[in-house]
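Subject: Structure for you to look at

Hi,

Here is the structure I promised to pass on. Have a look at it first, and my notes follow underneath.

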Amino acid sequence: MFDKKKRKKLPKEMIFSEPPDLEKMTLTFNNIKKVLGKSADFKTRKVFINLDKKMTVELVYLEGLVDQKSINEYILKPLEYGKRFKDIENEKQVIHEIRQGAVYYISQKKRIHINDVISDIIDGNAALIFDHEKTAITFDTLQYEKRNVTEPTGENILKGAKDSFVETLKVNTATIRRKVRTPNLVINERIIGKQSKTPVCLIYIDGIVNKNIVAEIKRRLSQIETEGVLTTGIIEEALVKEKGYLFPKVHYMERVDTFCSNIIEGRVGVIIEGFPIAFIVPVTIVSFFQTPSDYSQNFIIGSLTRILRYSLMLTTLVLPGFYVSVATFHPEMIPTELAESIAASKQGVPFPIYMEVFIMLIAFEVLIEAGLRLPKAVGQTVSVVGALVVGEAAVNAKLVSPGVVLIIAITAIASFAMPNQDFSNALRVWRFVLAIFCSIIGLFGLAVGAILILFCLAAIESYGVPYLAPYVGSKSYQYEDTIIRMPNKYDAFRPFFLKTSNKKKGE
Amino acid sequence: MMKKIMRLITVCLMIIHISGCEKIIRERAEIEEHLFIRTVGLDKADHEDCVNMTIISKIVEAGATAEATRKQAYIVTEEGRTLFEANRKFNAVASKDVFWGHLQYIIIGEAAAKEGLSKYLDFIIRDHETRLTPNVLIVRGVTAREAIEKINTKEFIVSDRLKSLFENHDELSISEDMVLAEIIHLMDHDYTSVYIPCIQLVHRTPWEEIMEELGGKKEYDPMLAGYAVFKEGKLIGYLTEHLSRGLNWVNDKVEGGVIVVEDDRGNQISLEIIDAKVKKIPKIKEDNLSIIIEVEMSSNIVDYEGKEDIFKEEALKDLENKQEKVISEEIEKAIEYAKENGVDILGIGDAVFHKYPVEWNAYKDNWQEDAFKEVPIRVSVKSKINRSYVIKEAIGSQSGVKK
């Protein structure tokens with residue numbers, strides 16, 4: 001009833017006409033105008049070939065997408081003043097002359113279907129439409145405002161390239177091309193999204209990459225049925241079909257150099273128009289601990305920082321649970337002095353330790369979430385209020401004991417040392433799971449939880465590559481670039497587990 | 001299906017965590033509900049067959065800053081027919097659960113030690129919370145309660161003071177830090193007798209007296225004073241100073257110490273023991289058992305009264321001989337004591353048993369009372385003086401002028 005009432009009230013203008021069926025239309029100016037003409041940015045101009053008033057063609061483009069200066073210089077000028085058009089009698093000859101080079105424009109295409117013309121125009125082309133011949137010629141005059149290549153915001157590095165991906169796909173592919181100049185670099189483009197029609201590029205190196213993986217990615221991408229690719233999640237979820245148990249199975253990055261080194265190793269990259277991020281598949285857990293600075297420093301320093309990163313991963317995952325179980329179930333494990341001072345600081349706090357830990361863990365998540373949403377100008381308040389209220393005041397008010405605040409602070413700081421945010425998010429959830437287990441049966445619960453995590457990790461597989469590779473599943477040991485980074489001369493092979501068609505580096 | 005499982009898990013978690021039944025998970029207790037004790041004193045009570053148990057715990061009151069944090073000792077004594085009964089009585093007094101996991105020192109009073117060790121140690125060994133690592137010690141002349149009260153000071157509670165005491169035991173090597181497990185080992189064999197380090201209360205810092213005049217509490221220092229020796233689990237006497245170092249020599253427990261000898265002019269020389277190795281070698285020849293105790297040690301000259309040049313081969317040789325004599329005298333006195341009392345605290349039965357397990361059967365019965373007293377023990381000491389540290393000649397010997 002409610003619906004009917006509303007429908008009656010709708011004004012007539014609001015009812016849209018059915019979208020025209022492009023397949024049945026012939027390629028004429030009027031038809032194109034019918035499709036695109038409702039938009040304000042649709043512009044046309046009548047071109048008089050050789051300034052002859054009888055010989056006219058229509059020039060069609062979308063304002064803002066095209067470079068008007070080059071249309072003036074390289075398309076209009078030759079058409080109206082060019083000597084080669086003097087003896088022209090019909091449109092067919094015009095087309096012939098243009099195709100022969102009378103209009104000197106690098107990228108021009110002859111189109112006979114209205115579909116192609118319209119998508120060309122939307123892509124930023126200017127189209128010359130020959131009504132009698134039912135033909136159009138499109139010129140790639142795309143030009144629009146784009147962001148400059150800037151320093152990466154998320155992954156900083158001292159010694160290394162400062163360029164990162166930008167929103168424009170073509171700029172990104174160009175940056176990659178400049179870094180990887182082999183002719184075998186393949187940039188395979190496809191369009192995804194019914195409405196958004198977003199170009200998505202697969203990037204890999206022929207001769208290195210495992211062809212089965214490329215084929216599988218292509219298959220999965222072609223199965224996507226979506227209206228628009230406006231978040232990366234659509235592509236990510238399509239790339240990942242297997243269970244992940246919260247652990248990321250696509251590696252995202254905004255650094256071009258990391259991306260390229262992954263491509264060279266034999267992985268496949270995916271970049272999407274409109275996102276300053278690239279994706280790499282297949283991934284293993286090892287790659288979430290690698291940062292480009294590991295390779296730009298002395299191998300000993302690189303290895304030490306990597307060991308640090310692994311131990312920080314353990315810290316951020318296990319520490320709250322460990323504290324809960326040691327303090328509630330196994331006080332004999334704490335050094336006596338410490339046990340006494342923990343007990344003293346806990347005096348007067350009404351909640352059990354596991355409750356305190358949960359409260360603080362949740363408070364920490366709240367702080368992170370609130371900090372993300374706040375505008376930059378007031379961003380400081382969260383940290384100030386959070387640190388003061390949640391930390392200082394809560395301790396003074398005996399809501400939480402200082403030991404727990406310290407433990408959660410260490411956990412939080414350790415979690416920020418993870419290079420990959422997706423991986424860090426997975427750890428955030430598993431940390432809670434472990435803490436719950438520990439609050440029930442202490443260290444035994446911690447052991448059970450740890451086994452559960454290991455079980456899940458071992459069950460994950462992406463594109464046939466075990467997630468824990470090369471720690472498991474590889475026939476030959478390849479630990480040159482795992483917990484420690486060996487000098488480059490020992491790292492002579494591409495990862496075996498990727499089953500690359502070319503095993504040895506440098507071949 | 002998945003929903004049902006999730007609901008089940010949630011319900012279980014809620015039952016376990018949120019319900020009022022605290023004891024649904026055994027052994028879960030908040031850390032502040034424990035009373036951490038590091039030192040326990042065991043005494044004979046005035047009543048017949050009763051024991052006194054004294055616990056001391058550090059009560060820390062957390063303040064906002066380190067200075068505001070107050071530490072206070074909490075000393076309670078409870079009487080019970082058994083240790084466990086006394087232990088349970090604490091819970092009525094202390095409002096907290098006595099937690100034995102951090103026990104570091106077991107102090108046994110003299111009277112209790114005379115009564116018998118096993119009665120007092122059984123509970124501590126049997127209980128699952130305690131470990132086998134606490135140090136056991138006997139207080140000479142007083143009860144454990146008295147010792148605890150006297151040693152305890154405002155700044156340092158008993159365990160702190162005992163800790164530093166035992167950390168320095170190798171400076172003189174007249175005693176040792178023996179853990180519960182070692183004592184269990186000594187008690188378990190019929191061919192060994194128990195010896196436990198003992199402490200004595202001394203009152204020798206003069207400024208304490210001044211403090212007392214000003215109204216302070218008279219404070220005592222604990223001193224490591226050798227060993228208490230047990231026969232069949234009962235205290236029979238004490239080994240002190242040289243005698244106890246003799247015991248340490250035989251048991252290869254000497255790590256440092258001072259040997260004072262005289263040179264031919266009567267000047268005293270201090271030798272610092274650097275390292276020592278002792279072997280007990282039992283030998284059976286034609287059914288006759290004999291023991292050789294081989295000591296190999298080296299020392300450095302640290303202190304010399306005279307002005308002669310002692311850094312000469314013959315002088316050093318002479319010093320080495322004198323040093324060997326001192327050591328073998330110490331050892332022989334200890335052996336004499338052990339044989340007199342029929343207590344094999346020297347580990348000789350142990351050495352024989354491990355080298356001659358078959359022949360041991362002949363000595364097995366009545367080893368300590370009989371065969372041990374008869375067995376000839378020879379002591380051979382090899383010593384070496386390594387260096388004289390920074391200066392070769394004594395100051396004032398004017399060796400610098402000659403050059």
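Let me start with a sheet in chain A: five strands in the order β1-β2-β4-β5-β3, an open sheet with antiparallel pairing. Strands here are DSSP runs of E with at least two residues, helices are runs of H or I with at least four, and both are numbered from the N terminus. Two strands count as paired if DSSP finds at least two bridges between them. The edges are taken by β1 (42-48) and β3 (108-111) of chain A, each with a single partner strand, so one side of each has no neighbour in the sheet. From one strand to the next, the twist averages 25°. Axes, by the way, are lines fitted to C-alpha atoms (for helices, over the stretch in contact), and angles run from 0 to 180 degrees between N-to-C directions.

Inside that sheet, β2 (residues 56-62) and β4 (residues 125-130) of chain A are joined antiparallel by three bridges, and Val60(A) stands opposite Ala127(A) in β4(A). Helix α2 (residues 29-36) of chain A lies across β1, β2 and β4 of chain A, at about 165° to β1(A). Contact means heavy atoms within 4.5 Å.

Before I go on, the ground rules. This is a predicted model, where local features need pLDDT of at least 70 and side-chain atom pairs count only at pLDDT 80 or more, while totals for chains, interfaces and linings use all residues. Residues are numbered from 1 along each chain as its sequence is written, chains are lettered from A and ligands numbered from 1 in the order in which they are written, and side-chain values use heavy atoms, with hydrogens and water left out.

Chain A has another open sheet of five strands, in the order β6-β7-β9-β10-β8, again with antiparallel pairing. Which strands stand at the edges here? They are β6 (185-192) and β8 (251-253) of chain A, each with a single partner strand, so one side of each is left free of a neighbour in the sheet. The twist averages 25° from one strand to the next. Helix α6 (residues 169-179) of chain A lies across β6, β7 (198-205) and β9 (268-272) of chain A, running at about 165° to β6(A).

β9(A) is worth a click. Five of its five residues are buried, meaning under 20% relative accessible area (exposed is over 50%, partly exposed in between; 1.4 Å probe, protein chains only). Val268(A), Val270(A) and Ile272(A) point one way, Gly269(A) and Ile271(A) the other. Four bridges pair β9(A) antiparallel with β7(A), where Leu202(A) has Val270(A) as its bridge partner. Four bridges also pair β9(A) antiparallel with β10(A), and there Gly269(A) is matched with Ile280(A). The hairpin of β9(A) and β10(A) has five residues between the strands, and in it Gly274(A) takes a positive phi near 100°. Further along, three bridges join β8(A) to β10 (residues 278-281) of chain A, antiparallel, with Met253(A) opposite Ala278(A).

On to the rings. Over all chains there are 24 aromatic pairs, that is, Phe, Tyr or Trp (six-membered ring) with centres within 6.5 Å; planes under 30 degrees apart are stacked, over 60 edge-to-face, and the rest tilted. Phe165(A) and Phe259(A) have ring centres 5.3 Å apart and planes at 90°, so they are edge-to-face. Phe165(A) is in the loop between β5 (135-140) and α6 of chain A and Phe259(A) is in helix α9 (residues 256-265) of chain A, so the pair ties together parts 94 residues apart in sequence. Phe165(A) is buried at 1% relative accessible area, and Phe259(A) is buried at 0%.

There are charges over rings too (NZ of Lys or CZ of Arg within 6 Å of the ring centre and within 35 degrees of the ring normal). Arg220(A) has its charged end over the ring of Tyr463(A), 4.4 Å from the centre; Lys150(B) does this with Tyr220(B), at 4.6 Å.

Finally, chain B: it has 14 helices and 13 strands, and 47% of its 403 residues count as buried. Helix α6 (residues 158-167) of chain B is mostly covered, with seven of its 10 residues buried, including Leu162(B), Leu165(B) and Phe166(B).

Cheers
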